[in-house]
Amino acid sequence: MAPMLSKFVTKRNIAGALSVSVVYWLLFMRKKQIKKARKSAHSEIQYVVGEKTPQKTKAQVDAVFFRQLRKLLSIVIPGPFSSEVGFLSLIALALIARSLCDLWLIHTATYIENSIVNMDRKKFTSHIIVFLASMPVISVVNNILKYSIGEVKLRFRTRLTQYLYDEYLKGFTYYKMSNLDNRIANADQLLTTDVDKFCETVTDLYSNISKPLLDIVIYVYRLTMGLGGKTPALLIAYLIVAGFFLTYLRRPTGRMTVTEQKLEGEFRYINSRLITNSEEVAFYQGNQREKLTLLASFEKLTTHLRRFLEFRVGMGVIDNIVAKYFATVVGFYSVSIPFFAAKHPLLMGCGKEERYRRYYEYGRMLVKLAEAIGRLVLSGREMTRLAGFTTRVTDLIKVLKDLNQGHYVRTMVTGSKSTASNSTHDGTTNSRKQSSMPLIPGSGRIIFQDNIIRFDKVPLVTPNGDVLVDEMTFEVRSGINVLVCGPNGCGKSSLFRILGELWPLFGGTLTKPPKGKLFYIPQRPYMTLGTLRDQVIYPHTRDEMLRRGKSDADLTRFLELVKLTYLLTREGGWDAIADWIDVMSGGEKQRIAMARLFYHQPQFAILDECTSAVSVDVEGSMYQYCREVGITLFTVSHRRSLWKHHEYYLQMDGRGSVQFKPIEPDTEEFGS
């Protein structure tokens with residue numbers, strides 16, 4: 001019995017048993033880790049990022065994918081004579097040269113090995129010299145291929161990025177995407193990482209498909225000429241069957257790729273959100289709560305990545321069996337057919353040595369053919385992954401086009417319920433108070449006219465259909481300053497968003513100057529990246545400032561008006577570069593914003609609590625200068641000191657009532 005048992009106790013069997021034991025232990029630890037994760041504190045954290053109406057994403061290799069891919073390729077390859085086509089042609093030529101080099105290497109290596117076996121030193125030396133002489137050429141071919149592939153990736157990414165940013169930064173699209181539409185979450189992830197991965201995957205796929213296809217054509221031709229058509233025909237038939245089989249099994253890859261990118265975007269968003277709101281979190285000492293949220297997001301990401309990894313490993317096993325090992329068996333069988341035939345016309349009359357040489361040469365070609373078929377079959381895996389990125393980028397383009405045409409999809413309020421609806425078709429009623437009229441976004445009319453702002457029966461409605469004021473009617477002409485007052489949440493900022501065309505009109509007629517003649521200054525002014533000069537002339541560039549006839553001397557005069565000339569000395573002149581958000585105090589930023597207003601000198605300006613950190617005397621001089629140069633002001637403020645700089649007041653009580661009246665000597669001034 002012992003001798004019989006000893007036959008089975010071999011090194012190979014022991015290694016196999018140990019491998020199975022290790023796999024079992026890893027699976028046990030994985031199960032234990034899942035149980036532990038379910039009991040962790042951060043697993044109880046619930047949150048929603050972006051999409052309020054989650055949709056099941058379908059991303060797979062089908063007719064829809066090829067239509068989407070064709071549209072994206074028309075963006076990155078603008079025409080048949082573009083530089084991108086030139087580099088794609090260079091890749092094709094480099095691939096042809098590389099395949100010919102492979103064929104030549106097989107032929108030369110066979111002769112070298114044959115001369116070694118036959119002890120022919122003279123032939124060995126001559127073939128080795130030829131082999132060494134060809135190495136620089138082959139090296140150049142390989143690196144030309146690498147260069148052209150890298151250049152195509154960069155050019156594709158450049159084309160697609162420029163196209164997307166043209167759409168994203170057209171008008172107020174960037175604002176609408178994050179404030180009026182909830183189909184896309186984490187646009188930054190899509191515009192950066194997803195675009196990069198799409199371009200990389202599509203370029204690699206072009207290379208990974210072109211080379212095997214070319215190899216298949218070359219090797220099939222050579223094998224057919226040498227051994228007949230039956231040998232390569234078997235492998236081609238196997239390619240078709242295996243390709244369809246593996247493509248069917250890989251269908252979940254596209255959907256899982258989309259989910260992976262979405263969760264990566266969520267994790268990045270939550271991290272950036274903590275950075276943006278770090279001061280508030282610190283005051284609340286909310287670091288532990290934020291940690292739980294971050295870990296919850298990270299756990300969602302890693303759980304999905306682990307599932308994706310396990311799926312890829314499982315598919316990898318099947319891929320290796322189908323596309324590599326079984327393909328090799330088919331290859332051996334195919335090449336054996338002519339050699340086992342007793343009277344094969346292409347091998348008749350050949351001696352044993354010649355049959356061996358031919359088998360060795362054609363066998364290598366067959367191995368290369370099998371490798372090419374395997375790579376082509378495995379490229380389906382990359383195509384399925386590409387389907388995920390294609391779906392993500394296509395969805396982004398669709399939303400951008402919708403927003404640029406004035407269509408947005410957002411959760412709308414109907415009574416106490418929330419429903420997702422399309423802004424171009426569906427109206428809604430008010431959650432604060434029911435409106436008898438259906439509210440249709442974009443149904444109002446805007447008339448552009450200089451030196452006047454007129455609201456004619458315009459309802460004040462938020463993008464999700466919440467009615468703040470049923471109807472507003474008032475008129476303000478240039479030279480008449482208006483003080484806007486009312487409690488928080490009454491609709492002051494909403495009024496200005498409609499005036500600035502950030503929000504759609506739900507009815508009525510709005511008459512206003514064109515966008516360039518209306519300026520807005522918030523309580524916390526935006527400081528751009530750039531020089532001190534850029535802070536004053538934003539959004540203009542220095543060249544545009546000079547074209548408009550302004551100079552640094554004019555900018556210095558504006559700084560004098562807001563009492564900030566010391567910044568030129570402190571920071572080192574107009575060309576100084578710094579992180580201005582941190583360098584300047586709150587009051588300095590507000591005064592820079594007023595200097596920015598003086599530089600642009602619009603017809604109307606909206607000042608939204610923009611002098612709250614400025615002293616009363618400096619505030620008064622700034623208001624006086626606006627009156628002198630003809631800038632008409634809409635001011636939101638709680639300061640009593642500002643009443644004297646205005647002729648009318650617009651009071652909103654937060655319950656839908658609006659009063660627009662002149663400021664008389666007996667008007668009660670309220671505020672602090």
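# Close-up views of a predicted model

**View 1. A nonpolar patch lies on the surface of the predicted model.** Six residues form the patch: Leu309, Val313, Val317, Ile321, Tyr325 and Phe326. Together they present about 580 Å² of accessible area. The structure is a predicted model, and this holds for every view below. Val317 is one of the patch residues. Its place is in helix α11, which spans residues 287-340. Val317 is partly exposed, at a relative accessible area of 45%.

**View 2. Ser148 is buried in helix α5.** The helix runs over residues 121-168. The relative accessible area of Ser148 is 0%. Which residues does Ser148 contact, leaving aside its neighbours within four places in sequence? They are Phe87, Leu90 and Ile91.

**View 3. Thr509 sits in strand β7.** The strand covers residues 509-512. Thr509 is buried, with 15% relative accessible area. Residues up to four places away in sequence are not counted among its contacts here. Beyond those, Thr509 touches Arg445, Ile447, Arg454, Phe455, Asp456 and Val458.

**View 4. Cysteines appear without disulfides.** How many disulfides does a search of the whole structure find? The count is 0. A disulfide is a covalent bond between the sulfur atoms of two cysteines. For Cys490, the closest cysteine sulfur belongs to Cys485. The two sulfurs are 8.4 Å apart, so they are too far from each other for a bond. Cys490 is buried, at 2% relative accessibility. Cys101 is also buried. Its relative accessible area is 14%.

**View 5. A cis peptide bond joins Tyr538 to Pro539.** Omega is near 10°. Pro539 lies in a loop. The loop is flanked by helix α14 (532-537) and helix α15 (542-547).

**View 6. Glu501 has a positive phi.** The angle is near 65°, in a residue other than glycine. Where is Glu501 found? Its place is the loop between α13 (492-499) and β7. Glu501 is buried, with 16% relative accessibility.

**View 7. Lys563 also has a positive phi.** Here the value is near 60°, again in a residue other than glycine. Lys563 belongs to the loop between α16 (552-561) and α17 (566-571). Is Lys563 buried or partly exposed? Lys563 is partly exposed, with a relative accessible area of 46%.

**View 8. Lys517 and Asp450 form a salt bridge.** Side chains of opposite charge can pair when their charged atoms come close. In the Lys517 and Asp450 pair, the closest N and O atoms are 3.1 Å apart. Lys517 lies in the loop between β7 and β8 (518-521), and Asp450 in the loop between β3 (445-448) and β4 (452-461), so the pair ties together parts that are 67 residues apart in sequence. Lys517 is partly exposed, at 31% relative accessibility. Asp450 is partly exposed too, at 35%. A search of the whole structure finds 22 salt bridges.

**View 9. Glu588 and Arg570 meet in a salt bridge.** Their side chains come to 3.1 Å, N to O. The pair links distant parts of the chain, 18 residues apart. Glu588 is in helix α19 (residues 586-600), and Arg570 is in helix α17. Is Glu588 buried or partly exposed? Glu588 is buried, with 6% relative accessibility. Arg570, by contrast, is partly exposed, with a relative accessible area of 41%.

**View 10. Salt bridges that share partners build one network.** Which residues does the network join? They are Asp181, Arg183, Lys398 and Asp402. The side chains of Arg183 and Asp181 meet at 2.9 Å, N to O. Arg183 is partly exposed, with a relative accessible area of 22%. Asp181 is buried, at 3% relative accessibility.

Technical notes
Residues numbered from 1 in each chain as written. Predicted model: local features only at pLDDT ≥ 70, side-chain atom pairs only at ≥ 80, totals over all residues. Heavy atoms only, no water. Helix = DSSP H or I, 4+ residues; strand = E, 2+ residues; numbered from the N terminus. Buried < 20%, exposed > 50% of the residue type's maximum accessible area, 1.4 Å probe, protein only. Contact = heavy atoms within 4.5 Å. Patch = residues over 30% accessible without salt bridge, like charges linked within 9 Å, V, L, I, M, F, W, Y side chains within 5 Å. Areas by Shrake-Rupley, 256 points an atom, 1.4 Å probe, with all protein chains shown as cover. Salt bridge = Lys/Arg side-chain N within 4 Å of Asp/Glu carboxyl O. Disulfide = S-S within 2.5 Å.
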